[in-house]
Structures are given as structure tokens and as C-alpha cells.
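Dear colleague,

I am passing on a structure for you to look through, and my notes on it follow below. Please read them with the sequence and the coordinates open beside you.

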Amino acid sequence: MKNRLLSDYLKEQLRNPEFAAEYLNAFIEEGTPEEIAEAMAAILAVRNSSEAKGSFEPVVKQIQEFMHNTGLRWSAQPMV
């Protein structure tokens with residue numbers, strides 16, 4: 001039951017663009033491509049009320065490689 005409450009709480013928090021950006025950035029900084037992809041899918045599911053189709057993992061790996069090769073830092077920001 002406790003996990004369900006946490007899950008409900010997280011779902012509610014992810015509706016907030018600032019929280020969603022911070023949540024994703026935490027995974028971008030410390031997570032694996034699979035974890036980043038799961039975070040992206042969770043945000044999409046909560047904010048669009050739909051499940052993500054397919055996996056974001058191949059895209060995440062491409063973005064990470066691009067950022068590494070160009071010396072850029074990847075981060076999420078809420079749209080204004």
C-alpha cells in the first residue's frame with residue numbers, strides 16, 4: 001500500500017512542469033539510458049494520460065553520444 005501512495009504522490013508531482021524537469025534532470029545526471037527512458041515514459045504517461053509507445057532508450061543513447069561528442073550538457077527545462 002505504501003508503494004501505491006508513493007506512486008500516486010509521484011504521479012501528482014510529475015504534473016508540475018518544474019518538478020518533471022527536475023525529476024528528469026536527476027536521471028540525466030545519474031541514470032542509465034534505461035532509467036532515463038523510464039523517467040521520460042513516466043512523465044509522458046502522466047502529462048498526456050497515455051502510455052509511451054516503444055522505448056525511449058535508443059533515443060537516449062543517441063542523445064548521450066551526441067552530447068558527449070560535442071561537449072554539451074543535456075538538461076530539461078519547463079516550457080514557459
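To begin with one residue, N48 has its place in helix α3, and please keep in mind throughout that this is a predicted model. Because its relative accessibility is 48%, and exposed would require over 50%, N48 counts as partly exposed. Although N48 and R15 are 33 residues apart in sequence, their C-alpha atoms are 9.4 Å apart in space.

Turning to the interior, the largest nonpolar core has 14 residues, and those with the most contacts inside it are L14, L24, I36, I43, V60 and W74. Helices α2, α3 and α4 (57-70) each supply at least two residues of this core, and the largest share, 6 residues, comes from α3. As background, nonpolar side chains in soluble globular proteins tend to be buried together. If neighbours within four places in sequence are left aside, L24 is in contact with I36, A39, M40, I43 and A76.

The other feature to look at is the largest pocket, which holds about 200 Å³ of space and is lined by P17, A20, A21, L24, I43, R47, A76, Q77, P78 and M79. Of the helices, α2 (17-30) and α3 (33-48) each supply at least two residues of this lining, and the largest share, 4 residues, comes from α2. By type, the lining residues divide into 8 nonpolar, 1 polar and 1 charged. You will meet L24 and I43 in both places, since they are named among the core residues with the most contacts and also in the lining of the largest pocket.

With best wishes

Definitions and conventions
Residues numbered from 1 in each chain as written. Predicted model: local features only at pLDDT ≥ 70, side-chain atom pairs only at ≥ 80, totals over all residues. Heavy atoms only, no water. 1 Å grid on protein atoms, 1.4 Å probe; cavity = no way out; pocket = protein on both sides within 12 Å on 5 of 7 lines; lining within 4 Å. Points joined across faces, edges and corners; volume = space filled by probe spheres on them. Nonpolar A, V, L, I, M, F, W, Y, C, P; charged D, E, K, R; others polar. Core = buried A, V, L, I, M, F, W, Y, C linked by side-chain atoms within 4.5 Å. Buried < 20%, exposed > 50% of the residue type's maximum accessible area, 1.4 Å probe, protein only. Contact = heavy atoms within 4.5 Å.
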